[in-house]
Amino acid sequence: MSIIEKMISNTMVLFERSYTMTDAIHDWLTDNYDGGINETASGVNVTPARSLSLSVVYACVKIKSETIASLPLMVYKDLSPRGREKSGSHFLYKLLHDRPNPYMTSFQWRALMLTHKYLWGAGISEIEFDVAGNPKALWPLPPWRVEPLRSKNGDIFYKVYI
C-alpha cells in the first residue's frame, strides 16, 4: 500500500470508522450516481444546495461537521504485531493536523470534507505533491464537479469538471 493510499485510508477512518475507502467508492459508484439530485414523491427535485436553505439541515450538518472536525487528529505508526503508536514526527502529521494547504486550517478542511460527505456523499481533495513526490497540500474539490468512473479493468478514477 502506498503512502497516499494509507493517507486516504486514514482520512476515511476519521470520517467513518467501520467503512473502508474501497467500500465508500464502491457504494458511491453503484448507488445510481445522479449528481446528488433526488426526486421526492411530490415530484420536487431536492439537491444538497437546496436542502441547505432549510435551517434544520444547515444546523445539523454544521454541528455534526464541526464537532467531528474539532476532535484530535493523530497520525499513527503501525508496529505490527505490537500495535501502533502516535507519530507526531511523520511528514503527514503537519499536513493533516496543522495545515492541509496555505489557505485552510486542519479544522476548516476537515469540516468542509465532512460537509461534502454528508450532503454529496464524498469529501474529495486533490493531493499536491512536492518535487520529492511527497504530499505537499490537500486542495478541496467541489464534489458536484467530480464524477467517479471505473475503467474496463476495474480501476477507479475520477473525472473532474473545471
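**Helix α6 and the β7–β8 hairpin**

Ile 162 is exposed, since its relative accessible area of 94% is over the 50% cut-off. Keep in mind that this is a predicted model. Ile 162 sits in the segment after β8, so let's start with that surface and work back to the hairpin and then helix α6.

**Surface patch**
- Ile 162 teams up with Tyr 158 and Val 160 in a nonpolar patch on the surface.
- Together, the patch residues have about 340 Å² of accessible area.
- As a general point, side chains in a regular strand alternate between the two faces of the sheet.

**The β7–β8 hairpin**
- Strands β7 (residues 146-150) and β8 (residues 156-160) pair up antiparallel, with five bridges.
- One pairing to look for is Arg 150 with Ile 156, its bridge partner in β8.
- Five residues lie between the two strands, and in this hairpin Gly 154 has a positive phi near 95°.

**Helix α6**
- Helix α6 covers residues 106-120, and its end C-alpha atoms are 21 Å apart.
- That agrees with expectation, because 15 residues at 1.5 Å a residue should span 21 Å.
- α6 is largely enclosed by the rest of the structure, because 11 of its 15 residues are buried.
- The buried set includes Trp 109, Met 113, Leu 114, Leu 119 and Trp 120.
- Also among the buried residues are Arg 110, His 116 and Lys 117.
- Right after α6 comes Gly 121, with a positive phi near 95°.

Terms used
Residues numbered from 1 in each chain as written. Predicted model: local features only at pLDDT ≥ 70, side-chain atom pairs only at ≥ 80, totals over all residues. Heavy atoms only, no water. Helix = DSSP H or I, 4+ residues; strand = E, 2+ residues; numbered from the N terminus. Expected span 1.5 Å × (residues − 1). Buried < 20%, exposed > 50% of the residue type's maximum accessible area, 1.4 Å probe, protein only. Pairing = 2+ DSSP bridges. Patch = residues over 30% accessible without salt bridge, like charges linked within 9 Å, V, L, I, M, F, W, Y side chains within 5 Å. Areas by Shrake-Rupley, 256 points an atom, 1.4 Å probe, with all protein chains shown as cover. Salt bridge = Lys/Arg side-chain N within 4 Å of Asp/Glu carboxyl O.
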